[in-house]
Structure formats: structure tokens, C-alpha cells
Amino acid sequence: MAGSRLFLTLLLAAAFAGPGAALWPWPQRVHTADWSYAVLPNSFQFQYHTQSAARAGCSVLDEAFGRYRDLLFGSGPWHRRAPAGKQRTLEKHSLVVLVATPGCDQLPSLDSVENYTLTIDNEQCLLQSQTIWGALRGLETFSQLVWRSPEGTFFINKTEIEDFPRFLHRGLLLDTSRHYLPLPSILDTLDVMAYNKFNVFHWHLVDDPSFPYESVTFPELTRKGSYNPATHIYTTQDVKEVIEYARLRGIRVLAEFDTPGHTQSWGPGVSGLLTPCYSGSQPSGSFGPVNPILNSTYEFMNTFFLEISSVFPDFYLHLGGDEVDFACWKSNPDIQAFMKKKGFGSDFKKLESFYIETLLRIVSAYGKGYVVWQEVFDNKVKIRPDTVIQVWREDMPVSYQKELALITAAGFRALLSAPWYLNRISYGPDWEDFYKVDPLSFEGSPEQKALVIGGETCMWGEYVDSTNLVPRLWPRAGAVAERLWSSEVVTDMDFAFKRLAHFRCELLRRGVQAQPLSVGYCEQEFEQT
């Protein structure tokens with residue numbers, strides 16, 4: 001404990017060594033000094049090291065260089081005034097980037113290495129990383145280190161940083177079914193995710209209210225299930241654009257198609273897919289979850305997920321499996337007969353398990369891994385050992401800490417979301433509650449805790465669309481971003497508040513309409529463009 005306290009003291013001391021040291025999320029190891037170097041926009045450039053495996057023509061870094069130059073300096077004009085009464089300040093004209101391993105065209109994955117080191121001293125201004133993904137994270141940190149004096153001169157302090165993420169999976173969920181989010185809103189979110197070092201966009205594409213994903217194989221799903229098939233859909237080109245835009249920022253796209261519940265919007269486009277509900281001995285005219293007793297259901301799922309597996313290239317798909325309402329199944333005489341034939345008795349969890357196990361076999365046959373919500377585990381569905389289970393319930397059937405302990409004790413990997421639902425709002429600084437959560441604060445062995453691969457913050461869309469998405473997300477989601485990236489010893493709330501408030505002002509400067517944390521102001525307030 002003494003070592004941890006000393007380490008945190010050093011972190012706090014380093015944090016206020018210069019105006020450019022209020023980093024978010026906080027790196028693993030930082031040493032910064034008062035000595036500063038001038039950065040001249042007219043001559044500054046990003047360069048590849050002569051020994052870098054990534055070279056000019058690497059789309060990920062070439063485009064990142066352009067983005068970060070714009071973020072740092074804008075389009076000018078730039079004025080430099082020499083500090084009165086001081087010796088001429090040393091200048092930095094470039095950041096040299098050295099990537100150890102080749103590969104610029106691949107997609108990020110769960111196993112992507114994001115480590116980097118950043119050295120700014122008299123001899124060099126050098127960013128080193130094993131992969132292009134680490135270089136992206138280092139570029140973001142570099143951009144936050146540069147500061148501007150009142151006279152308009154850009155500076156960067158002498159700094160040494162060694163950094164890496166605490167967790168591999170650092171995600172943000174957007175719900176585009178309850179309210180359709182226009183493509184620019186999604187792309188803008190990906191930008192700010194990159195500023196926060198998030199690396200997974202969990203795209204909850206479809207749900208009960210609408211089916212905006214444009215299926216090539218089953219076009220009627222979109223035509224009959226979307227809010228408006230002409231305006232409120234994501235075309236094949238839109239999906240490709242999101243995936244590539246995310247890739248260029250080191251972000252995976254985890255697509256979710258949740259079944260057998262949450263599927264009311266699927267029904268109009270696929271006859272016979274949903275279960276007819278009964279009132280007494282007669283159909284009521286309403287429909288429930290996917291009908292799990294028909295061969296045609298699995299034939300549809302087989303074809304549909306073949307398409308999804310080819311459209312979304314990430315190894316993982318999210319298959320949902322949460323909140324299945326059994327009432328309709330219980331009312332249906334055909335399902336009652338099927339239950340009796342299978343020996344399920346009156347345990348409808350067994351019927352749910354029958355459906356999900358069949359679906360998982362289908363998806364596995366396409367070489368995909370899968371993520372599921374915790375009910376799949378709670379209901380004792382037979383799942384592969386490499387299944388990832390996402391915990392979203394805070395205290396049902398047990399606390400989320402106990403749920404993580406149970407999942408990892410069974411040998412499964414876990415993601416935590418339960419305490420990080422951004423759609424739940426309250427008066428005051430609720431970011432503090434998000435920040436205080438530690439995903440590993442459960443009783444378990446080191447081996448169990450190693451199975452928690454990260455977490456996600458979620459923005460469900462009942463009361464959120466493009467009009468209020470940005471200020472509701474940011475900077476609140478940043479609290480989760482730091483918890484998933486930074487060391488577990490970085491917990492001081494005053495330290496966090498000062499840095500997050502500074503980062504919120506930086507987001508405003510970058511054109512992000514992030515809401516305030518408390519009373520105060522930013523030197524550059526948000527301006528609508």
C-alpha cells in the first residue's frame with residue numbers, strides 16, 4: 001500500500017508541473033517538467049522514423065497526422081511572440097513516430113496492442129509503439145500535451161510517458177432503434193471516443209421500436225420495420241463508412257442483433273418469425289418473442305446471420321439474449337405442446353436456452369465469437385468457453401459484483417456495464433459515481449479477475465436522439481474511459497475533477513458540445529458552427 005500511495009503522490013505532483021499536463025485519461029507513468037519547447041505551426045510536422053515499420057502510405061497514421069494537425073493548430077493565422085526578458089526558447093519542429101511491427105490495413109481486435117511511449121526532451125520528440133493502434137493513442141496524448149500561451153505561442157513541456165490500457169475492451173453503446181441517430185452523429189461520437197481512448201463501438205442497431213439496418217438478404221425487414229425506409233435507415237454504404245471511420249481511429253464495431261426478445265420490429269418483415277400470443281383459446285392478434293419451435297425460424301436466422309457475419313468483420317457479434325418475456329410463449333398452445341414433447345415441463349428458461357443454444361451453433365459455424373447479456377449465463381444456457389458475458393443488472397438477481405464473481409468462477413470472460421448507464425440522469429455531478437466504480441471490486445482470485453476484459457458505458461435511446469446525445473454523453477462518458485484505461489490507483493476525486501474539467505474545455509475547443517461539470521468557465525467557449 002505504501003508503494004501505491006507514493007506512486008499516486010508522484011502522479012499528482014507530475015500532473016501540475018505544466019499547463020499541458022492535465023491529461024485525460026491519465027497515463028500509466030508520467031514524468032513532466034517545467035521546461036518547455038515552442039511548437040511552431042508553420043513548420044511543425046508529423047514524421048515517420050526511418051526505421052518505422054509503418055511508413056508514408058499507411059492510411060491509419062497518414063490520416064491521423066492530418067486530423068491531429070488540425071486539432072492542434074486549426075487553420076491559423078498563428079502569431080508567435082518571444083517571451084520578454086527570457087532567452088530564446090528551444091523549438092520542436094516535428095514529432096517522429098516509430099512503429100515496431102508492420103500492418104496498416106488490418107482491423108483492430110480484442111488483442112490489439114495499444115502500448116506507447118512518448119519522449120519530449122532536448123534531443124528528441126519521439127513517439128514509439130509496437131503497433132499503429134498504440135501510435136494512435138500516443139498521438140492523442142501528444143495533442144493534449146501541447147498548450148498555448150496568452151500571447152498565442154504553442155508550447156510543449158519536457159515529458160516522458162509510458163502508457164498502456166488497464167483493460168482490453170473499453171466500449172460505448174449507442175442505441176439506434178428507439179431513436180434513429182443520423183450517420184454524422186455516429187461519426188462524431190467515434191471522434192470523441194478516440195479522444196477518450198475508447199476502442200469499442202457497441203452498435204445496438206435494432207430493437208422493438210425500429211429496424212433501421214438495411215438487410216440485403218431480407219429487405220422487407222427494413223421496409224416494414226424501420227421508422228421510415230427512405231430516411232431512417234443505415235444503408236450498406238453507411239455501415240461500411242462507420243466501420244472504416246472507426247478503424248481509422250482504432251475502434252472496433254461490435255454489432256448487436258438481440259433475440260429472441262426485443263424483436264417486435266422484425267415481425268412485419270418476416271412472416272411467422274414471432275410467436276402469436278393467445279387470449280384463452282384464440283389468437284389475441286399480438287405477437288411475442290421469436291418463435292423458437294419452428295424450423296423456419298432457424299432457417300431465417302441461419303441466412304440472416306450469414307449476411308451479418310460478412311457485413312461486420314469483427315470477430316465478435318453481440319447476440320443479446322436479455323429480457324425475454326415468457327407470457328406470450330406460455331399462452332401459445334403450440335409452444336405448450338412443444339414444451340411437453342421436449343420434457344421442459346413449465347420451465348420456459350429451458351425453452352429460451354433451446355433457442356439460444358441453437359442460435360449460438362449457427363453463429364459459431366460462421367467462425368464468429370459472440371457476446372451475450374448476463375441472462376444467458378443466469379439461465380444456464382450451454383455456451384462455448386470463449387463466450388463473453390456482459391453484466392448489465394446492478395442488483396438482480398444478485399449485485400453486479402457477485403455476478404462478476406459467478407461468471408468468472410465458471411471460467412467465462414466478462415464485461416461490466418451495470419453501473420455505467422449514461423441514459424440515467426440526475427441533478428449534480430453523477431460522473432463521480434461512474435468514476436468510483438472499479439470493475440475488479442469483487443471477491444475472486446487473480447485468475448478470476450483476469451477474466452474481466454473491460455466494460456462498456458451505455459446510452460440507451462428512450463429519451464435521447466441527435467438533439468441531446470452529445471452533452472449527455474460528454475464528458476460523463478470520460479469518467480468510464482479513464483476507469484478502463486488508467487491505473488487502479490488513480491482514484492483521487494480532486495485530481496480527476498481538475499483534469500476532467502480541463503478536458504471538457506478542450507472538447508469545447510474541438511467543437512464538442514460537452515456539458516459542464518460544475519460552476520465555471522472555459523477560455524474558449526463552445527460556438528455553434
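These are my notebook entries on a few helices, two single residues and two pockets.

**Entry 1: what I'm looking at.** I'm working with a predicted model.

**Entry 2: Ser279.** I looked up Ser279 and found it in strand β12, which covers residues 274–279. Buried or exposed, I wondered about Ser279? Its relative accessible area is 53%, so Ser279 is exposed, since the cut-off for that label is over 50%. I also checked Ser279 against Asn42: they sit 237 residues apart along the chain, and their C-alpha atoms are 75 Å apart.

**Entry 3: Lys342.** Next I went to Lys342, which belongs to helix α9 (residues 333–342). Its relative accessibility is 41%, so I put Lys342 down as partly exposed. From the C-alpha atom of Lys342 to that of Gln515 I noted 55 Å, with their positions 173 residues apart along the chain.

**Entry 4: helix α16.** How many residues of α16 (476–485) are buried? I got 10 of the 10, so this helix is largely enclosed by the rest of the structure. Arg476, Glu482, Arg483 and Trp485 are among the buried ones.

**Entry 5: helix α6.** I tried a length check on α6, residues 236–247. With 12 residues at 1.5 Å a residue, α6 should span 16 Å, and its end C-alpha atoms are 17 Å apart, so the two agree. Then I listed the buried residues of α6: Asp238, Val239, Val242, Ile243, Ala246 and Arg247. What do they pack against? I found the helices α2, α3, α4 and α7, plus the strands β10 and β11.

**Entry 6: the largest pocket.** I went hunting for empty space and started with the largest pocket, at about 1,100 Å³. Its lining has 35 residues, and His502, Cys505, Glu506, Glu523 and Gln524 lie nearest the centre. The elements giving two or more residues to this lining are α2, α3, β7 and α17. Which one gives the largest share? That is α17, with 8 residues. By type, I wrote down 19 nonpolar, 11 polar and 5 charged residues for this lining.

**Entry 7: the second largest pocket.** I noted a volume of about 600 Å³ for the second largest pocket. There are 26 lining residues, with Asp188, Gly511, Val512, Gln513 and Phe526 nearest the centre. Here α4, α15 and α17 each supply at least two lining residues, and α4 gives the most, with 7. This lining divides into 11 nonpolar, 9 polar and 6 charged residues.

**Entry 8: looking back.** I met α4 twice: the buried residues of α6 pack against it, and it gives 7 residues to the lining of the second largest pocket.

Conventions. Residues are numbered from 1 along each chain as its sequence is written. This is a predicted model: local features need pLDDT of at least 70, side-chain atom pairs count only at pLDDT 80 or more; totals for chains, interfaces and linings use all residues. Side-chain values use heavy atoms; hydrogens and water are left out. Helices (H or I, at least four residues) and strands (E, at least two) are DSSP runs, numbered from the N terminus. Buried means under 20% relative accessible area, exposed over 50%, partly exposed in between (1.4 Å probe, protein chains only). The expected span of a helix is 1.5 Å times one less than its number of residues. Contact means heavy atoms within 4.5 Å. On a 1 Å grid over the protein atoms alone, a cavity is a set of points where a 1.4 Å probe fits but cannot get out, and a pocket is an open set with protein on both sides within 12 Å along at least five of seven lines; lining residues have an atom within 4 Å of a point. Grid points are joined across faces, edges and corners, and a volume is the space filled by probe spheres set on the points. Ala, Val, Leu, Ile, Met, Phe, Trp, Tyr, Cys and Pro count as nonpolar, Asp, Glu, Lys and Arg as charged, and the others, Gly among them, as polar.
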